[in-house]
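User: I'd like to learn how to read a protein model one feature at a time. Could you walk me through this one?

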Amino acid sequence: MTFHCRDSRTLGVRRRLQPVSESAWRFECPGCKWSHVIDDSWEFNGDLEHPTFSPSYLAWNDPNPNALPEYDPDGRYRNGFRCHSFIREGRIEFLSDCTHELAGQTVDLPEVGDGL
Ligand SMILES: [Zn+2]
């Protein structure tokens, strides 16, 4: 999932975080294929190109066996999911307790565009 944005390329900026407010940023998660939002309750190095956050980021959903198949085609809500990572210097290190296929792997955080 890569976003190309003419403006950010002109500026030579390869952002991996998209600001959603003055103190929160969105990133594209290559593990669960969703966007996550992280804010300044984490310790952040302030670098949108090579962000580092600490401590770890955890997103999860408890299983909901009643989730409708139309609403939940990939079964993530019915089975629950967990996405747990460290973001360091523009890379995302997925911990082994993730429920997606990148568990235990480290990959580059995808670049994001500036707007919608
Ligand atoms: Zn994720």
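User: Leaving aside its neighbours within four places in sequence, which residues is Asp-39 in contact with?

Analyst: Happy to help, and please keep in mind that this is a predicted model. Setting aside the neighbours within four places in sequence, Asp-39 is in contact with Ser-23 and Ala-24. Asp-39 itself is found in strand 3, residues 35–39. Another pair to look at is Asp-39 and Val-20: they are 19 residues apart in sequence, and their C-alpha atoms are 9.4 Å apart in space.

User: Where is Ser-23 placed, and is it buried or exposed?

Analyst: Ser-23 sits in the loop between strand 1 and strand 2. To judge burial, count the other C-beta atoms within 10 Å: 12 or fewer makes a residue exposed, and 20 or more makes it buried. Ser-23 is exposed because it has 10 of them. Asp-39, with 13 other C-beta atoms within 10 Å, is partly exposed. Beyond the neighbours within four places, Ser-23 is in contact with Asp-39 and Asp-40. For Ser-23 and Asp-40, 17 residues apart along the chain, the C-alpha separation is 5.4 Å.

User: In what order do the three strands of the open sheet run, and how do they pair?

Analyst: The order is 1-2-3, and the pairing is antiparallel. Strand 1 and strand 3 are the edge strands, each pairing on one side only. From one strand to the next the twist averages 35°. Strand 1 and strand 2 are joined by three bridges, and Ser-21 stands opposite Ala-24 in strand 2.

User: Let me step back. How many helices and strands are there in the protein chain?

Analyst: The protein chain has two helices and nine strands. Read from the N terminus, the elements run α-β-β-β-β-β-β-α-β-β-β. For the chain's contacts with a separation of 6 or more, 44% are between residues 24 or more positions apart.

User: What is the order of the open sheet of four strands, and which strands stand at its edges?

Analyst: That sheet has the order 6-7-8-9, again with antiparallel pairing. Strand 6 (57–61) and strand 9 (106–108) stand at the edges; each has a single partner strand, so one side of each is left without a neighbour in the sheet. Ignoring direction, neighbouring strands here are turned by 25° against each other on average.

User: How many bridges link strand 7 and strand 8, and which residues stand opposite each other?

Analyst: Strand 7 and strand 8 pair over four bridges, in the antiparallel sense. Ile-87 stands opposite Ile-92 in strand 8, and the bridge partner of Phe-86 in strand 8 is Glu-93. The hairpin of these strands has two residues between them, and Glu-89 takes a positive phi near 50° there. On to the next pairing: strand 8 and strand 9 share three bridges, with Asp-108 in strand 9 as the bridge partner of Arg-91.

User: Which side chains along strand 8 point to one face and which to the other?

Analyst: The general idea is that side chains in a regular strand alternate between the two faces of the sheet. In strand 8, Ile-92 and Phe-94 point to one face and are buried, while Arg-91 and Glu-93 point to the other and are not.

User: How many residues does the largest nonpolar core have?

Analyst: As background, nonpolar side chains tend to be buried together in soluble globular proteins. Here the largest nonpolar core has 14 residues, and Phe-27 and Cys-83 have the most contacts inside it. Strand 2 (24–28), strand 7 (81–88) and strand 8 (91–94) are the elements that give two or more residues to this core. Strand 7 supplies the largest share, three residues. Leaving aside near neighbours in sequence, within four places, Cys-83 is in contact with several residues, among them Cys-29, Trp-60 and His-100. Over the whole protein chain of 116 residues, 19% are buried.

User: One last case: why is Arg-16 buried?

Analyst: Arg-16 is buried because 21 other C-beta atoms lie within 10 Å, and the cut-off is 20 or more. Its place is in the loop between helix 1 (6–10) and strand 1 (18–21). Beyond four places in sequence, the contacts of Arg-16 include Phe-27, Gly-90 and Leu-109. Arg-16 and Leu-109 are 93 residues apart in sequence, yet 6.1 Å apart in space, C-alpha to C-alpha.

Terms used:
Residues are numbered from 1 along each chain as its sequence is written. This is a predicted model: local features need pLDDT of at least 70, side-chain atom pairs count only at pLDDT 80 or more; totals for chains, interfaces and linings use all residues. Two residues are in contact if their C-beta atoms, placed from the backbone, lie within 7 Å. A nonpolar core is a set of buried Ala, Val, Leu, Ile, Met, Phe, Trp, Tyr and Cys residues joined through C-beta atoms within 7 Å. Two strands pair if DSSP finds at least two bridges between them. Axes are lines fitted to C-alpha atoms, for helices over the stretch in contact, and angles run from 0 to 180 degrees between N-to-C directions.
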